[in-house]
Amino acid sequence: MRYRFPSCRAPRVRRGFTLIEAAMTTVIIGVGCVSMLALLGAGTMANGSGAELTTAMHLAGNLREAMTGLRYADPTSPTHWGAENGETLATYNDIDDFDAWSSNPYPIDARRNSLGSSYSGWAQQVKVDCVKPDDLQTTTPHLTLPPELRPTCRITVTIVHNNRQVYTQNWIASYSDPSAP
């Protein structure tokens, strides 16, 4: 006689995912993709802001370099503040000539040449204030002191892009006697 084993089936092996598992996977992957897109958008905006700030710093540096080596005030008529009659950007010979100057229509480079339409929407603005040498926050009237007591001046360059202030840079220049060697 033969012995028969009771028929038992092997447990059924599941193949594939259930609908709930597939839905959960889709949600997890979807949240990850949306987060990555938000991160890419934020990175693109930060990159644009960084490029704008770099350009603004470059334009401010151009003006600082254009003023390097210039005297504090006009060596021939030190009682006049600002650009003299008939003086143009190309003939500015002292720092006070730049007071209230603004680039129009395009900013300039360090040689005072226009940068052209590739910088459309950008503007450089300059303000020159006399300040006390021992208190750089206190302004004094322009050229009212005798030459030996003349204060220093604070130059403020503001860079504007599409009517929005992007960058401001300040530096100090001291009076130099035009007759000094």
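Start by selecting Tyr 92: this residue is buried, at 11% relative accessible area, where buried means under 20% relative accessible area, exposed over 50% and partly exposed in between, with a 1.4 Å probe and protein chains only. You are looking at a predicted model, in which local features need pLDDT of at least 70 and side-chain atom pairs count only at pLDDT 80 or more, while totals for chains, interfaces and linings use all residues. Residues are numbered from 1 along each chain as its sequence is written, and side-chain values use heavy atoms, leaving out hydrogens and water.

**The aromatic cluster**

Keep Tyr 92 on screen and add Phe 98, which is buried with a relative accessible area of 0%. The whole structure holds 2 aromatic pairs; rings of Phe, Tyr and Trp (its six-membered ring) pair if their centres lie within 6.5 Å, and planes under 30 degrees apart count as stacked, over 60 as edge-to-face and the rest as tilted. The ring centres of Tyr 92 and Phe 98 are 5.0 Å apart and their planes stand at 80°, so this pair is edge-to-face. Now add Trp 101: Phe 98 and Trp 101 also form an edge-to-face pair, with 6.3 Å centre to centre and 80° between the planes. Trp 101 is buried, as is Phe 98. With these ring pairs, Tyr 92, Phe 98 and Trp 101 are joined into a cluster.

**The sheet**

Next, switch to a cartoon view and find the strands. Helices (H or I, at least four residues) and strands (E, at least two) are DSSP runs, numbered from the N terminus. There are 4 strands in an open sheet, ordered β2-β1-β3-β4, with antiparallel pairing; two strands pair if DSSP finds at least two bridges between them. Which strands stand at the edges? They are β2 (135-140) and β4 (164-173), each with a single partner strand, so one side of each has no neighbour in the sheet. On average, neighbouring strands are turned by 40° against each other, direction ignored. As background, strands of a sheet pair through backbone hydrogen bonds, either parallel or antiparallel.

Select β1 (residues 122-132) together with β2: the two pair in the antiparallel sense over 3 bridges. They form a hairpin with 2 residues between them. Within this pairing, Val 131 stands opposite Thr 139 in β2, and Lys 132 has Asp 135 in β2 as its bridge partner.

Move on to β3 and β4, whose antiparallel pairing runs over 9 bridges. Here Cys 153 stands opposite Ala 173 in β4. β3 and β4 also form a hairpin with 2 residues between them, and Asn 162 in the turn has a positive phi of about 50°.

**The helix across the strands**

Bring in helix α1 (residues 19-67), which lies across β1, β3 (152-161) and β4 and runs at about 30° to β4. Contact here means heavy atoms within 4.5 Å. Axes are lines fitted to C-alpha atoms, for helices over the stretch in contact, and angles run from 0 to 180 degrees between N-to-C directions.

**Salt bridges**

How many salt bridges does the structure hold? There are 3, each being a side-chain nitrogen of Lys or Arg within 4 Å of a carboxyl oxygen of Asp or Glu.

Select Glu 52 and Arg 164, which form a salt bridge with their closest N and O atoms 2.4 Å apart. This pair links distant parts of the chain, with Glu 52 in helix α1 and Arg 164 in strand β4, 112 residues apart. Glu 52 is buried at 16% relative accessible area, whereas Arg 164 is partly exposed at 43%.

Finish with Asp 129, which is buried with a relative accessible area of 12%. One salt bridge joins the side chains of Asp 129 and Lys 127 at 3.3 Å, N to O. Lys 127 counts as partly exposed, at 46% relative accessibility. Asp 129 also forms a salt bridge with Arg 154, where the closest N and O atoms are 3.6 Å apart. Asp 129 lies in strand β1 and Arg 154 in strand β3, so this pair ties together parts that are 25 residues apart in sequence. Arg 154 counts as buried, at 16% relative accessibility. Show Lys 127, Asp 129 and Arg 154 at once, and you have a network linked by salt bridges.
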